[in-house]
Amino acid sequence: MTNIIIFSVVLLAVLGILIGVLLGVAAKAFEVKTDERVIQVRECLPGNNCGGCGYPGCDGLADAIVAGDAPVNACPVGGAPVAGKIGEILGVEAGSSVRQVAYVKCAGTCENASNKYNYVGEMDCRRAVMVPGRGDKACAYGCLGLGSCVEACQFDALSIKDGIAFVDKEKCVACGKCVETCPNQVISLIPYDSAYAVQCNSKDKGKDVMSVCKAGCIGCGLCVKQCEFDAVKVENNIAVIDAEKCQGCGKCAEKCPKKIIQPLQA
């Protein structure tokens, strides 16, 4: 009996060693070599894994940058400093990148916007739009103010004030999560240094806008006539400002009868 036990122990030990050797050989044979630059690039990235770059986290972005599928300035959180470091690693020019920031295209505060009914339910914009009328606000294009964007933001850059979402420009990193989350597409990314922006998202005609919101764009076109730089147009019944053309003169805002064109640098 003793011999059997000893034999069994020895056999198991030999099998263990043999399996270990085979695993080591297999690991070497099937080893996937990682480009050391991927590791270096990954160390430069902030590690928020927000997905704002369009890739599955910072690991996915690092792979894409080294493979040449993404530019060195693809990380919206890291911005120019991170792009510069990655450029040095890869030996390429980082290029210029325009800092962006989320902007809420709605002035439908509790005072300005009319309600169709009193919404009682989960405080989630995506669920609210599934009920008849797409939420309680009479304007079908406005901010619902239930805070789905606030929950989506990892950087504490959004809050709900007076019934609409508000963006803290200094905290926003333009990851785009709030843009993706908003069911009414009220939030968009604009250049951080934009002088003016239109605080309305409605595509309705003027009369219909005024019936549901005191501060909505009525598409009158006075802003277009005032602009000397061809930076303002009316598209789908709403004023649109081309940030690249805008010189920040403010004439469009001065002439706007609804005061819906707001300065952003104050």
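**A hairpin and the protein around it**

Let's start with a small piece: strand S6, covering residues 232-235, and strand S7, covering residues 238-241, pair up in the antiparallel sense, with four bridges between them. Keep in mind as you look that this is a predicted model.

Take one of those bridges and follow it across. Valine 232 has isoleucine 241, in S7, as its bridge partner. Now look at the turn of the hairpin. Two residues sit between S6 and S7, and asparagine 236 in this hairpin takes a positive phi, near 55°.

Time to zoom out. How many helices and strands does the protein have? You can find ten helices and eight strands. The radius of gyration comes to 27 Å, while the globule rule gives 18 Å for 266 residues; the protein is well over that value, so it is more spread out than a compact globule. You can get a feel for the dimensions from the C-alpha trace, which spans about 100 × 50 × 25 Å along its principal axes.

What about inside and outside? Out of 266 residues, 38% count as buried. The protein exposes about 15,500 Å², and 56% of that is supplied by carbon and sulfur atoms.

Next, think about which parts of the chain touch each other. If you take contacts between residues at least 6 apart in sequence, 59% of them join residues at least 24 apart.

Last stop: charge. The protein carries 27 positive and 28 negative charges. Work out the mean position of each set, and those two points lie 8 Å apart.

How values were computed:
Residues are numbered from 1 along each chain as its sequence is written. This is a predicted model: local features need pLDDT of at least 70, side-chain atom pairs count only at pLDDT 80 or more; totals for chains, interfaces and linings use all residues. Side-chain values use heavy atoms; hydrogens and water are left out. The radius of gyration is taken over C-alpha atoms; the globule rule is 2.2 Å times the number of residues to the power 0.38. Buried means under 20% relative accessible area, exposed over 50%, partly exposed in between (1.4 Å probe, protein chains only). Contact means heavy atoms within 4.5 Å. Accessible areas come from the Shrake-Rupley method with a 1.4 Å probe; for residues, only the protein chains shown count as cover. Lys and Arg count as positive and Asp and Glu as negative; His and the chain ends are not counted. The place of a charge is taken as NZ of Lys, CZ of Arg, CG of Asp or CD of Glu. Two strands pair if DSSP finds at least two bridges between them.
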